[in-house]
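Subject: A structure for you to look at

Hi,

Here is the structure I promised to pass on. Have it open while you read, and then follow my notes below.

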Amino acid sequence: MTEVPNPIAIYVHWPFCESKCPYCDFNSHVAQAADLGAFQKAYLTEISYFKDILAGRTVSSIFFGGGTPSLAPPSFFSAVIEHIASLSTLAPNIEITMEANPGSVEVNKFADFSAAGINRVSIGVQSFNDEKLRFLGRKHDSAKAKYAISVAAKYFANYSFDLIYALPEQTILEWRSQLLEALTFTNGHLSLYQLTIEKGTKFFNEHRSGSFILPEDEHAAELYLATQEIMDNAGMPAYEISNHAKPGYESMHNLHYWRYGDYLGIGAGAHGRYIKGEQRFATVMHHMPQKWQTAVEQQEVGFQSKLALSNIEQKEEKLLMGIRISEGVDPRLIPQEIFEELRALKLLEIFEGRIRLTKEGRLVANAVTTHIISKYKEVEKGNGTAKFTESSIYC
Ligand SMILES: C[S@@+](CC[C@H](N)C(=O)[O-])C[C@H]1O[C@@H](n2cnc3c(N)ncnc32)[C@H](O)[C@@H]1O
Ligand code: SF4
């Protein structure tokens with residue numbers, strides 16, 4: 001991967017889906033833009049609003065996420081990409097990803113998406129087991145998922161797909177066989193998520209009322225460890241908690257987030273982080289597509305909020321993002337005594353001069369970061385005695 005100086009990434013959110021999956025709390029709406037032309041124009045206007053941030057910068061990746069961006073017409077992607085190119089420099093090896101559902105309407109457009117400039121797709125397969133797909137409320141079956149992958153392989157140099165595991169009554173044997181099957185379809189990148197129950201979803205209520213039972217923590221941990229073993233043996237280790245790749249096939253866009261690089265968030269509900277002058281900003285756009293569009297039409301940008309981040313907030317975010325990846329974080333982000341405590345518990349380790357989660361640590365990543373951040377808070381209040389080292393590592 002060739003690195004460009006001072007790169008910036010761009011996330012573009014498409015907020016519509018054909019139906020709402022019962023587990024999903026992403027900003028997705030079952031509707032369509034009333035006027036697609038006007039909706040597309042709002043994206044171009046919002047990108048133009050950031051022309052000062054983009055000027056002189058190299059865009060290293062663009063990610064069209066959703067929702068279901070593969071429902072949008074190919075001309076939407078070419079218009080957005082060309083507009084970004086007119087305001088910045090696109091890196092010669094730019095990664096341009098689109099999330100896609102394996103429905104036939106979407107798959108029939110893969111050739112046109114490729115011609116529009118998309119060079120990587122991330123397909124929401126979720127499972128190769130039809131019964132599990134029904135449980136997850138998906139509209140496709142495993143045959144459709146396999147077909148979508150075969151068409152993606154034809155048109156895109158890079159493709160990835162998502163699977164969800166730790167489903168009710170899922171045995172290690174069943175998950176192992178799915179994963180081994182998945183490995184026969186991959187070209188180098190797989191996202192493997194444990195099912196999480198999010199507030200406000202249909203599953204949240206169903207789970208609370210006992211309609212289904214999730215695997216016990218111990219069984220979920222076994223499923224996780226089996227996943228790591230299979231993927232390590234296949235030469236696709238985790239480069240992030242839920243993301244696996246052959247070396248060189250990591251998602252440049254996601255790595256850029258986790259390394260806390262600058263990115264713009266365009267479209268309803270999109271988040272952004274970028275430096276202007278000396279200050280780093282956190283932006284969130286209005287979630288409701290119509291509200292976002294109206295705001296852009298009136299003010300050129302759909303900000304719901306734009307906050308200047310303090311140094312301590314930036315440090316917290318840098319830790320939260322960086323601790324997820326296998327390359328780890330700058331040791332200066334973790335107070336020495338906390339590191340020693342978590343290393344003794346075999347949750348953190350030193351790797352190539354950086355601090356990272358061990359395999360056991362990845363199982364409890366949230367608890368580890370919460371613990372470290374509580375120490376930041378003590379220091380901020382002036383009660384703490386934490387010592388942040390200025391030198392490279394503690395060992
Ligand atoms: C923005 S969503 C997917 C895009 C696309 N619309 C789709 O569903 O195929 C990104 C991925 O997050 C994962 N995901 C979403 N909600 C999840 C949950 N509650 N638990 C585990 N994984 C989840 C799914 O694997 C999904 O493909
Ligand atoms: S999982 Fe994907 S298709 Fe389902 S509602 Fe969420 S964004 Fe839409």
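Let's start with the ligand. This is a predicted model, and in it 17 residues sit around ligand 1, with Asn-101, Gln-126, Arg-138, Asp-162 and Thr-196 coming nearest. Three of these are worth clicking on for their side chains. In Asn-101, an N or O atom of the side chain is 2.7 Å from an oxygen atom of ligand 1. Gln-126 also has a polar side-chain atom 2.7 Å from an oxygen atom of the ligand, and for Arg-138 the distance from a polar side-chain atom to a ligand oxygen is 2.8 Å. As for how much of the ligand is hidden, the protein covers 91% of the 570 Å² of accessible area that ligand 1 has on its own.

Where does the shell around ligand 1 come from? Strand S4 (120-126), strand S5 (158-165) and strand S6 (189-194) each give at least two residues to it. If you sort the shell by class, you get five nonpolar, eight polar and four charged residues.

While you're in that part of the chain, have a look at His-140. You'll find His-140 in the loop between helix H6 (130-135) and helix H7 (142-155). Is His-140 buried or exposed? Its relative accessible area is 8%, and buried means under 20%, so His-140 counts as buried. A polar atom of its side chain lies 2.9 Å from the backbone oxygen of Val-125.

Next, the empty space. Rolling a probe the size of a water molecule over the atoms shows where such space is left. The structure holds one cavity of 30 Å³ or more, and the largest cavity has about 40 Å³ of space in it. Its lining is made up of Ile-323, Arg-324, Ile-325, Ser-326, Arg-356, Leu-357 and Arg-362. By class, that comes to three nonpolar, one polar and three charged residues.

One last stop is Glu-360, which belongs to helix H15 (residues 359-363). What does its accessibility tell us? Glu-360 has 46% relative accessibility, and partly exposed runs between 20% and 50%, so that is the class Glu-360 falls into. Try finding Leu-347 as well: Leu-347 and Glu-360 are 13 residues apart along the chain, and their C-alpha atoms are separated by 5.9 Å.

Have fun exploring!

Key. Residues are numbered from 1 along each chain as its sequence is written. Chains are lettered from A and ligands numbered from 1 in the order in which they are written. This is a predicted model: local features need pLDDT of at least 70, side-chain atom pairs count only at pLDDT 80 or more; totals for chains, interfaces and linings use all residues. Side-chain values use heavy atoms; hydrogens and water are left out. A residue is near a molecule or strand if one of its heavy atoms lies within 4 Å of it. A polar contact is a pair of N or O atoms within 3.5 Å; within protein, one must be able to donate a hydrogen and the other to accept it, and residues adjacent in sequence count only if both atoms are side-chain atoms. Accessible areas come from the Shrake-Rupley method with a 1.4 Å probe; for residues, only the protein chains shown count as cover. Helices (H or I, at least four residues) and strands (E, at least two) are DSSP runs, numbered from the N terminus. Ala, Val, Leu, Ile, Met, Phe, Trp, Tyr, Cys and Pro count as nonpolar, Asp, Glu, Lys and Arg as charged, and the others, Gly among them, as polar. On a 1 Å grid over the protein atoms alone, a cavity is a set of points where a 1.4 Å probe fits but cannot get out, and a pocket is an open set with protein on both sides within 12 Å along at least five of seven lines; lining residues have an atom within 4 Å of a point. Grid points are joined across faces, edges and corners, and a volume is the space filled by probe spheres set on the points. Buried means under 20% relative accessible area, exposed over 50%, partly exposed in between (1.4 Å probe, protein chains only).
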